[in-house]
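Please work through the exercises below with the sequence and the coordinates at hand, trying each task before turning to its solution.

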Amino acid sequence: LSDLENYQQYLASYRKKDGGNLSSGERYKRAKHVADFFGFLHNANLLLVNHAERMEFPKQPRRLPMNILSADDLTRLFSLADLNPAEILSIPMQKMAWRNRAIMELFLATGMRCAELTKLTFADISRENMTVFIRDGKGNKDRVVPFTPRALYWLDGYADHNRRYPVKNAVSEPVVFLNQFGRPLNEYNVSDMIDVFFKRAQIT
């Protein structure tokens with residue numbers, strides 16, 4: 001155990017050729033390799049006790065998502081006919097296009113997740129403050145996020161063309177987004193829809 005502790009201290013004080021320290025990611029990787037090797041020896045009955053189980057590893061830095069949509073990606077995406085009601089002749093398909101565009105605009109404006117969007121009700125949308133209340137988000141936490149006039153335009157258009165308005169004095173506020181059968185969308189519906197749009201827009 002003392003040898004493992006000494007090794008961790010060695011990693012913490014190690015200097016590279018340029019005089020810099022090892023990053024926490026590099027220290028984690030090297031310590032993990034040693035711990036895995038001790039685990040292998042213990043599983044092979046070559047060590048009676050695996051002291052590496054008690055090792056404390058350097059904390060890994062949180063990484064931001066790397067797959068960020070570019071301006072060209074967004075241009076191709078919002079050029080799709082499925083997201084432009086004016087390009088569609090069929091009234092039912094126009095209604096779907098208003099809904100789909102409102103969904104994509106809300107995602108772009110708020111960064112909400114699929115599961116969060118499917119729970120969204122009209123009561124969660126504050127036109128006065130231009131905010132959206134997101135309930136039971138990541139970590140079962142609620143949060144309030146701003147959204148844009150552009151997103152509000154498409155949301156209003158969806159409500160107008162699909163007769164989707166809050167019900168006054170209702171016991172439970174209706175969810176905003178429904179499928180073609182009048183039932184609430186679920187996160188798998190929304191995720192599948194996004195996959196289709198991304199493929200058509202050639203976004204990888």
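The exercises that follow concern a predicted model, and they go from the whole chain to single residues.

**Exercise 1. Overall fold and dimensions**

Task: Establish how many helices and strands the protein has, in which pattern they follow one another along the sequence, and how the radius of gyration relates to that of a compact globule.

Solution: Begin with the secondary structure, where one finds 7 helices and 3 strands, arranged along the sequence as α-α-α-α-α-β-β-β-α-α. Next, take the radius of gyration, which is 26 Å for this protein, whereas a compact globule of 204 residues would have a value near 17 Å. The box filled by the C-alpha atoms, taken along the principal axes, is roughly 70 × 40 × 35 Å. Finally, consider the contacts with a sequence separation of 6 or more, of which 53% are accounted for by residues 24 or more positions apart.

**Exercise 2. Surface and charge**

Task: Describe what share of the residues is buried, what the exposed area consists of, and how the centres of the positive and negative side chains lie relative to each other.

Solution: Of the 204 residues, 34% count as buried. The area that the protein exposes is about 13900 Å², and carbon and sulfur atoms supply 53% of this area. Turning to charge, count 29 positive and 23 negative side chains, and then compare the centres of the two sets, which lie 1 Å apart.

**Exercise 3. The two faces of helix α3**

Task: Determine which residues of α3 are buried, why they can be assigned to one side of the helix, and which elements are among those covering them.

Solution: In α3, which spans residues 71-78, the buried residues are Asp73, Leu77 and Phe78. Because these residues cover an arc of only 115° around the axis, they are placed on the same side of α3. On the face turned away from that buried side, one finds the exposed residues Ala71 and Asp72. The cover over the buried residues includes α4 (91-110), α6 (149-162) and α7 (187-200).

Now look at Asp73 by itself: its relative accessibility is 14%, so this residue of α3 counts as buried, the cut-off being under 20%. Once neighbours within four places in sequence are left aside, Asp73 is in contact with Ile68 and Ile203.

**Exercise 4. Two partly exposed residues**

Task: Locate Met93 and Pro184, and state how far apart in space each is from a residue elsewhere in the chain.

Solution: Met93 is found in helix α4 and is partly exposed, with a relative accessible area of 42%. Its C-alpha atom is separated by 8.1 Å from that of Asp82, a residue 11 positions away along the chain.

Pro184, by contrast, lies in the loop between α6 and α7, and with a relative accessible area of 47% Pro184 is likewise partly exposed. Pro184 and Thr118 are 66 residues apart in sequence, yet their C-alpha atoms are 7.1 Å apart in space. Beyond the neighbours within four places in sequence, Pro184 is in contact with Val175, Phe177 and Leu178.

**Exercise 5. Positive phi values**

Task: Work out where in the chain Met130 and Gln202 are located, and what phi each of them has.

Solution: Met130 is placed in the loop between β1 (125-126) and β2 (131-134), and its phi is near 55°, a positive value in a residue other than glycine. Gln202 belongs to the segment after α7, and its phi, too, is near 55°. As a last step, check the accessibility of Gln202, which is exposed, with a relative accessible area of 63%.

Notes:
Residues numbered from 1 in each chain as written. Predicted model: local features only at pLDDT ≥ 70, side-chain atom pairs only at ≥ 80, totals over all residues. Heavy atoms only, no water. Helix = DSSP H or I, 4+ residues; strand = E, 2+ residues; numbered from the N terminus. Rg over C-alpha atoms; globule rule 2.2 N^0.38 Å. Buried < 20%, exposed > 50% of the residue type's maximum accessible area, 1.4 Å probe, protein only. Contact = heavy atoms within 4.5 Å. Areas by Shrake-Rupley, 256 points an atom, 1.4 Å probe, with all protein chains shown as cover. Lys, Arg positive; Asp, Glu negative; His and termini not counted. Charge placed at Lys NZ, Arg CZ, Asp CG, Glu CD. Arc of directions from axis to C-beta.
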